[in-house]
Amino acid sequence: RACRDGRKRERAMFDRLQRRGDHGAQRVGTGVLGVWVSLSVLLLGIGAGCGTNGPAFEEQSHSQGAALVYIFRQSRTGGSASAFKIFANGVHVTNMSNGGYFPHAATPGELHIKAQMKANALNWGPMLYMTDKPELTIQVEAGKTYYVEFEFGGTGGPGLALISDEAGKSLIRSCKRTKTES
């Protein structure tokens with residue numbers, strides 16, 4: 001009975017749109033097909049915000065007297081809807097989404113990088129158990145370039161790792177720039 005009432009309401013709404021002259025109105029069927037169509041539209045909408053839309057990777061020049069630290073996250077399916085706030089020595093520098101990178105000009109010496117998950121409708125569960133925030137402390141020298149990979153997924157959870165120049169140059173090529181935080 002409830003299904004029949006739902007179909008009646010749907011048909012009535014469709015008829016109203018047709019009478020109003022909305023010729024683009026299409027009736028989505030109820031039942032299994034209608035549910036799949038609705039879920040597909042929902043997931044496509046969610047997926048649209050899951051990546052970084054900035055410009056493709058470009059090598060940056062060093063700032064005078066600073067180290068250049070590329071922080072990046074490869075594009076992966078697992079955890080793709082989760083974005084993270086990235087902090088350098090306690091200052092929020094960017095939000096890292098799936099497939100993003102950020103060039104950070106660091107003062108020589110100790111650099112402490114930390115990632116904190118940004119809340120959204122899809123990640124409230126992981127946020128509850130993720131009490132340890134990924135952190136990495138490295139020593140940086142003026143005029144040198146460093147590559148820090150942010151990895152999300154697997155059973156170990158998210159992490160930050162300093163990787164070699166060779167690996168960093170190769171992996172970061174497919175990433176897009178994230179925005180600077182102010």
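Is Asn-95 buried or exposed? In this predicted model, Asn-95 is buried, with a relative accessible area of 18%. The legends below describe this residue and several other close-up views.

**View 1. Asn-95 and its polar contact in strand 3.** Asn-95 belongs to strand 3. Its relative accessible area of 18% falls under the 20% limit, and the residue is therefore classed as buried. The side chain of Asn-95 makes a polar contact of 2.8 Å with the side chain of His-92.

**View 2. Asn-89 in the loop between strand 2 and strand 3.** Strand 2 spans residues 84-88 and strand 3 spans residues 91-96, and Asn-89 is placed in the loop that lies between them. The phi angle of Asn-89 is near 50°, a positive value in a residue that is not glycine. Asn-89 counts as partly exposed because its relative accessibility is 46%.

**View 3. Lys-118 in the loop between strand 5 and helix 3.** The loop that holds Lys-118 runs between strand 5 (109-117) and helix 3 (124-129). Lys-118 is partly exposed, at a relative accessible area of 30%. From C-alpha to C-alpha, Lys-118 and Ile-86 are 9.9 Å apart in space, while 32 residues separate them in sequence.

**View 4. The five-stranded open sheet and helix 4.** The strands of this open sheet follow the order 8-7-1-4-9, and their pairing is mixed. Strand 8 (159-163) and strand 9 (176-177) are the edge strands, each of which pairs on one side only. Helix 4, residues 165-172, packs on the sheet and touches strand 1, strand 4, strand 7 and strand 8. The direction of helix 4 makes about 60° with that of strand 7. Strand 4 (residues 100-106) and strand 9 run parallel and are joined by two bridges. Gly-100 has Lys-176 in strand 9 as its bridge partner.

**View 5. Strand 1 and its two neighbours, strand 4 and strand 7.** Strands of a sheet pair through backbone hydrogen bonds, in either a parallel or an antiparallel manner. Strand 1 runs antiparallel to strand 4, with six bridges between them. On this side, Phe-72 stands opposite Tyr-101 of strand 4. With strand 7, strand 1 pairs in the parallel sense over five bridges. Here Leu-68 stands opposite Thr-145 of strand 7. In a regular strand, side chains alternate between the two faces of the sheet. In strand 1, Ala-67, Val-69 and Ile-71 point one way, whereas Leu-68, Tyr-70 and Phe-72 point the other way. Six of the six residues of strand 1 are buried, and the strand is mostly covered.

**View 6. Aromatic pairs that link distant parts of the chain.** The structure holds five aromatic pairs. One of them joins Tyr-70 and Tyr-147, whose ring centres lie 5.3 Å apart. The planes of these two rings meet at 25°, so the pair is stacked. Tyr-70 lies in strand 1 (residues 67-72) and Tyr-147 in strand 7 (residues 145-151), 77 residues apart. Tyr-70 is buried, with a relative accessible area of 2%, and Tyr-147 is buried with a value of 2%. In the pair of Phe-84 and Phe-150, the ring centres are 4.7 Å apart and the planes stand at 55°, so this pair is tilted. Phe-84 is in strand 2 and Phe-150 in strand 7, with their positions 66 residues apart in the chain. Both Phe-84 and Phe-150 are buried. Tyr-70 and Tyr-147 also belong to one aromatic cluster with Phe-57 and Tyr-101.

**View 7. The salt bridge between Arg-173 and Glu-59.** The count of salt bridges comes to two. In one of them, the side chains of Arg-173 and Glu-59 meet at 3.6 Å, N to O. This pair links distant parts of the chain, 114 residues apart. Arg-173 lies in the loop between helix 4 and strand 9, and Glu-59 in the loop between helix 2 (32-47) and strand 1. Arg-173 is partly exposed, at a relative accessible area of 48%. Glu-59, at 53% relative accessibility, exceeds the 50% limit and therefore counts as exposed.

**View 8. The salt bridge between Glu-141 and Lys-144.** The side chains of Glu-141 and Lys-144 meet at 3.5 Å, N to O. Glu-141 is partly exposed, with a relative accessible area of 45%. Lys-144 counts as partly exposed at 41% relative accessibility.

Note on methods:
Residues numbered from 1 in each chain as written. Predicted model: local features only at pLDDT ≥ 70, side-chain atom pairs only at ≥ 80, totals over all residues. Heavy atoms only, no water. Helix = DSSP H or I, 4+ residues; strand = E, 2+ residues; numbered from the N terminus. Buried < 20%, exposed > 50% of the residue type's maximum accessible area, 1.4 Å probe, protein only. Polar contact = N/O pair within 3.5 Å; in protein donor to acceptor, adjacent residues only side chain to side chain. Phe/Tyr/Trp six-rings, centres within 6.5 Å; stacked < 30°, edge-to-face > 60°. Pairing = 2+ DSSP bridges. Contact = heavy atoms within 4.5 Å. Axes fitted to C-alpha atoms, helices over the stretch in contact; angles between N-to-C directions. Salt bridge = Lys/Arg side-chain N within 4 Å of Asp/Glu carboxyl O.
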